[in-house]
Amino acid sequence: ATEADVRLVVQVGAYADAAKARETRLKLEKAGLKTYTQVVNTKEGPRTRVRVGPFTSRTEADQVAGKVKSLGLPVTILTL
């Protein structure tokens, strides 16, 4: 894949508790980051993924990941 074909997201967490997912989104959005969620069914039950992105460059994803870490939140950069 070329750089133009790459789509990356910063995943901040996958929460069983909807209130915790909402709290995380609010913290990110107050910091100026646009978030979205995705609900997935796992063998442990439904989880709400909180993500920022997508981004088309690793540099951009890394910059946002640094900002998220500075808020005291975990980050995982994923390729879509």
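In the predicted model, Thr35 stands opposite Val52 of strand β3; strands, numbered from the N terminus, are DSSP runs of E with at least two residues, and helices are runs of H or I with at least four. Eight bridges join β2 to β3, and these two strands run antiparallel; two strands are taken to pair if DSSP finds at least two bridges between them. Residues are numbered from 1 along each chain as its sequence is written. As this is a predicted model, local features need pLDDT of at least 70 and side-chain atom pairs count only at pLDDT 80 or more, while totals for chains, interfaces and linings use all residues, and side-chain values use heavy atoms, with hydrogens and water left out.

The wider arrangement is an open sheet of four strands in the order β2-β3-β1-β4, paired in antiparallel fashion. β2 (35–42) and β4 stand at its edges with a single partner strand each, so one side of each has no neighbour in the sheet. On average, neighbouring strands of this sheet are turned by 40° against each other, direction ignored; axes here are lines fitted to C-alpha atoms, for helices over the stretch in contact, and angles between N-to-C directions run from 0 to 180 degrees.

Strand β1 (residues 8–15) comes next. Seven of its eight residues are buried, so β1 is largely enclosed by the rest of the structure; buried means under 20% relative accessible area, exposed over 50%, and partly exposed in between (1.4 Å probe, protein chains only). Six bridges join β1 to β3 (residues 45–55), the two running antiparallel, and within this pairing Ala14 has Arg49 of β3 as its bridge partner. Four bridges join β1 to β4 (residues 76–79), again antiparallel, with Leu8 opposite Thr79 of β4. In general, strands of a sheet pair through backbone hydrogen bonds, either parallel or antiparallel.

Two helices accompany the sheet. Helix α2 (residues 58–70) lies across β1, β3 and β4 and runs at about 35° to β1. Helix α1 (residues 18–30) includes Ala21, a residue that counts as buried because its relative accessibility is 4%. Leaving aside neighbours within four places in sequence, Ala21 is in contact (heavy atoms within 4.5 Å) with Tyr15, Thr48 and Val50. The C-alpha atoms of Ala21 and Val39 are separated by 11 Å, with the two residues 18 apart along the chain.
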